[in-house]
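This report sets out the fold, the core and selected side-chain interactions of one protein chain. The sequence and coordinates are shown first, and the discussion follows.

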Amino acid sequence: MTKTDYDRALYYTHRSQWDNLLILMVRTEDQFLAKKIEHFLHAYNFEKDYTVIEKRLYSLLRYIDHANEAAGDDYLETAVTGSI
């Protein structure tokens, strides 16, 4: 996966750019990221209980953090070994 997808997801979430987040959800190859975005956007638009929205948001942010760390480790390994 490209690290830019995770950076964009974090940026769009931070800036409340839900349209761009939706577009990213459709275009990303990371199906877990797409599902986390889908769950958050659905809760944000249709859920009345704020705790559910908060739970979905934190779930999305935790996944972005985890994926960013994993992508960073892959990037460092590629930089050191020179292999893709």
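## The salt bridge and helix α3

In this predicted model, Lys35 and Glu38 form a salt bridge in which the closest N and O atoms lie 3.3 Å apart. The count of salt bridges comes to one. Lys35 and Glu38 both belong to helix α3, and because they are three residues apart there, about one helical turn separates them. An α-helix has 3.6 residues a turn, so residues three or four places apart point the same way. Lys35 is partly exposed, with a relative accessible area of 41%, and Glu38 is likewise partly exposed, at 36%.

Helix α3 covers residues 31-46. Its 16 residues should span 22 Å at 1.5 Å a residue, and the C-alpha atoms at its ends are indeed 22 Å apart, in agreement with that expectation. The N-terminal end of α3 is capped by Asp30, which places a side-chain oxygen 3.0 Å from the backbone nitrogen of Phe32. The buried residues of α3 include Leu33, Ala34, Ile37, Phe40, Leu41 and Ala43.

## Overall fold and core

The protein chain contains four helices and zero strands, giving the pattern α-α-α-α along the sequence. Of its 84 residues, 31% are buried. Among contacts with a separation of 6 or more, 46% join residues 24 or more positions apart.

Which residues of the largest nonpolar core touch the most other members? In this core of 19 residues, they are Tyr6, Leu21, Leu33, Ile37 and Phe40. Each of α1, α2 (18-27), α3 and α4 (50-81) supplies at least two residues of this core. In soluble globular proteins, nonpolar side chains tend to be buried together.

## Polar residues of helix α1

Helix α1 comprises residues 3-14, and Asp5 is found within it. Asp5 is buried yet has no salt bridge; Arg8, the nearest side chain of opposite charge, is 4.5 Å away. That separation exceeds the cut-off, because a salt bridge requires a side-chain nitrogen of Lys or Arg within 4 Å of a carboxyl oxygen of Asp or Glu. The side chain of Asp5 instead makes a polar contact with the side chain of Thr28, at 2.8 Å. Beyond residues up to four places away in sequence, Asp5 touches Leu24, Thr28, Glu29 and Leu33.

Asp7 also has its place in α1, but it is partly exposed, with a relative accessibility of 37%. Asp7 and Asp65 are 58 residues apart in sequence, while their C-alpha atoms are 9.4 Å apart in space.

Thr13 lies in α1 as well and counts as buried, at 8% relative accessibility. Its side chain reaches the backbone oxygen of Ala9 at 2.6 Å. Apart from neighbours within four places in sequence, Thr13 is in contact with Trp18, Leu21, Leu57, Leu60 and Leu61.

## Selected distances

The table collects the side-chain interactions discussed above.

| Interaction | Partners | Distance |
|---|---|---|
| Salt bridge | Lys35 and Glu38 | 3.3 Å |
| Side chain to side chain, polar contact | Asp5 and Thr28 | 2.8 Å |
| Side chain to backbone oxygen | Thr13 and Ala9 | 2.6 Å |
| Side-chain oxygen to backbone nitrogen, N-terminal cap of α3 | Asp30 and Phe32 | 3.0 Å |

Definitions and conventions
Residues numbered from 1 in each chain as written. Predicted model: local features only at pLDDT ≥ 70, side-chain atom pairs only at ≥ 80, totals over all residues. Heavy atoms only, no water. Buried < 20%, exposed > 50% of the residue type's maximum accessible area, 1.4 Å probe, protein only. Lys, Arg positive; Asp, Glu negative; His and termini not counted. Polar contact = N/O pair within 3.5 Å; in protein donor to acceptor, adjacent residues only side chain to side chain. Contact = heavy atoms within 4.5 Å. Core = buried A, V, L, I, M, F, W, Y, C linked by side-chain atoms within 4.5 Å. Expected span 1.5 Å × (residues − 1).
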